[in-house]
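Hello,

Here is the structure I promised to pass on to you. Please have a look at it, and then read on for my notes.

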Amino acid sequence: MLAIETIELTKTYQGQGGCRDISLAVPRGSIFGLLGPNGAGKSTLVKMLMGLLQPTSGEAKLLGRPLHDFTVRQKVGFLPENFSYHDWLTGHDLLRFHASLFGLPAKKSVQRIPLVLEMVGLTQHARKRVGSYSKGMQQRIGLGCALLPDPELLFLDEPTSALDPIGRKVVRDLLVTLRGQGKTIFLNSHLLSELETICDQVAIIKEGCLIFQGDWRDITTGRRVKVVLAGTMPVHRITACCAGWQLISQQASQNLAGGQELIFASAEKLEVPELVTGLVQSGAAVHEVTPMIESLEKLFLEVVTDSQPKD
């Protein structure tokens, strides 16, 4: 069963803006990233999925239930990008207040609040007022509010934008742990390096239309591989045994004494084992093979710049 499924989901404002014909399939137990330029329709899509906006047309399901089924809301957590909390409350009191909004039983609330504070690294600051928190600490207490009901599906809008590198790593590790528990995280972020690190799949929206969905590594039109040989091999023998692969770089290995570092490229997405087999059969001593993947940021910019939104 999918965690999120949308079929031609559309929201327009007097026929303009918003997003159009969005069909998503988000697997359960995955971290799914939503990308797009400012004004592409990302926030509109998330607000529809959270029930904050009524779709113009189309269908959507969360955890197998339609959007209008409010029982599913008990299984969903949400951290909006622009949030504001009662700054006179302590972190502990804020979580207790949100636990009551979620309708958590008192016994479960008592159990969850200390656990959530530990998860977001605020145990030592639980009795301090939220108004005294740094921006990063406020971001983390907001994440704590979203985690209170132990949700199966978690929507996070720019969850690490205010965090320092250490705070971002704490959140990344937490999200990976949640995924390991079978939970699904729908992540909207402009920090593409963060998404590149943890996302299983991404969706890219441009001008309100979906232009890509799936493993972001599939966006690339080619493939590059670094091969380190224990020893050296003449160029003519390398090119003869690696049909379909272009040798684009050859140099002495910086990490292996007497070794040779080769960079191959293939526009046809040939299989790496075939390359290795060809080298070994020609007598090469293969020491290391490393696929080289373009950064998500570079690929995202190429797709957004080159792709045209569908009609």
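**Notes on the strands, sheets and helices**

Aspartate 21 has its place in strand E2. Keep in mind that this is a predicted model. The phi of aspartate 21 is near 55 degrees, which is a positive value in a residue other than glycine. With a relative accessible area of 33%, aspartate 21 is partly exposed.

**The hairpin of E1 and E2**

Strand E2 covers residues 16-22, and it pairs with strand E1, residues 2-13, in the antiparallel sense over 3 bridges. Together E1 and E2 form a hairpin with 2 residues between them. Glutamine 14 sits in that turn and has a positive phi of about 55 degrees. If you would like a bridge to look at, leucine 9 has isoleucine 22 in E2 as its bridge partner.

Two further residues of E1 may interest you. Glutamate 8 is found in this strand, and its phi is near 50 degrees, again a positive value in a residue other than glycine. Is glutamate 8 buried or partly exposed? At 48% relative accessibility, glutamate 8 counts as partly exposed, because buried means under 20% and exposed means over 50%.

Threonine 12 also belongs to strand E1. Its relative accessible area is 18%, so threonine 12 is buried. Leaving aside residues up to four places away in sequence, threonine 12 touches Gly17, Arg20 and Thr56.

**The sheet of 6 strands**

Next comes an open sheet of 6 strands, which are ordered E7-E8-E9-E4-E10-E11 with mixed pairing. Which strands stand at its edges? They are strand E7 (76-79) and strand E11 (209-214); each has a single partner strand, so one side of each is left without a neighbour in the sheet. On average, and with direction ignored, neighbouring strands of this sheet are turned by 15 degrees against each other.

At the E11 end, strand E10 (residues 201-206) runs antiparallel to E11, and 5 bridges join the two. Here isoleucine 205 stands opposite leucine 210 in E11.

A helix packs on this sheet as well: H1, residues 42-49. Helix H1 touches strand E4 (31-35), E7, strand E8 (153-157), strand E9 (184-188) and E10. The direction of H1 makes about 135 degrees with that of E4.

**The sheet of 4 strands**

There is also an open sheet of 4 strands in the order E13-E14-E12-E15, and its pairing is antiparallel. Its edge strands are strand E13 (246-252) and strand E15 (286-292), each of which pairs on one side only. Neighbouring strands of this sheet are turned by 20 degrees against each other on average, direction ignored.

Within this sheet, strand E12 (residues 223-229) pairs with E15 in the antiparallel sense over 6 bridges. One place to find that pairing is arginine 224, which stands opposite methionine 292 in E15.

**Helices H2 and H4**

Now to a pair of helices. How do H2 and H4 cross? The axes of helix H2 (residues 91-102) and helix H4 (residues 135-147) come within 9 Å, and the crossing is at roughly 30 degrees. Since angles under 35 degrees count as roughly parallel, that makes H2 roughly parallel to H4. The crossing of H2 and H4 is right-handed.

On the H2 side, the contact is made by Gly91, Leu94, Leu95, His98 and Phe102. On the H4 side, Ile141, Gly144 and Cys145 take part. Sorted by class, the contact of H2 with H4 has 5 nonpolar and 3 polar residues, with no charged residues.

**The chain as a whole**

Finally, a few totals. The chain has 9 helices and 15 strands. Its C-alpha atoms fill a box of roughly 70 × 50 × 30 Å, taken along the principal axes. Of the 311 residues in the chain, 46% are buried. Among contacts between residues at least 6 apart in sequence, 70% join residues at least 24 apart.

With best wishes

Methods: Residues numbered from 1 in each chain as written. Predicted model: local features only at pLDDT ≥ 70, side-chain atom pairs only at ≥ 80, totals over all residues. Heavy atoms only, no water. Axes fitted to C-alpha atoms, helices over the stretch in contact; angles between N-to-C directions. Parallel < 35°, antiparallel > 145°, perpendicular 65-115°, else oblique. Left-handed = near helix turned anticlockwise from the far one by under 90°. Contact = heavy atoms within 4.5 Å. Nonpolar A, V, L, I, M, F, W, Y, C, P; charged D, E, K, R; others polar. Pairing = 2+ DSSP bridges. Buried < 20%, exposed > 50% of the residue type's maximum accessible area, 1.4 Å probe, protein only.
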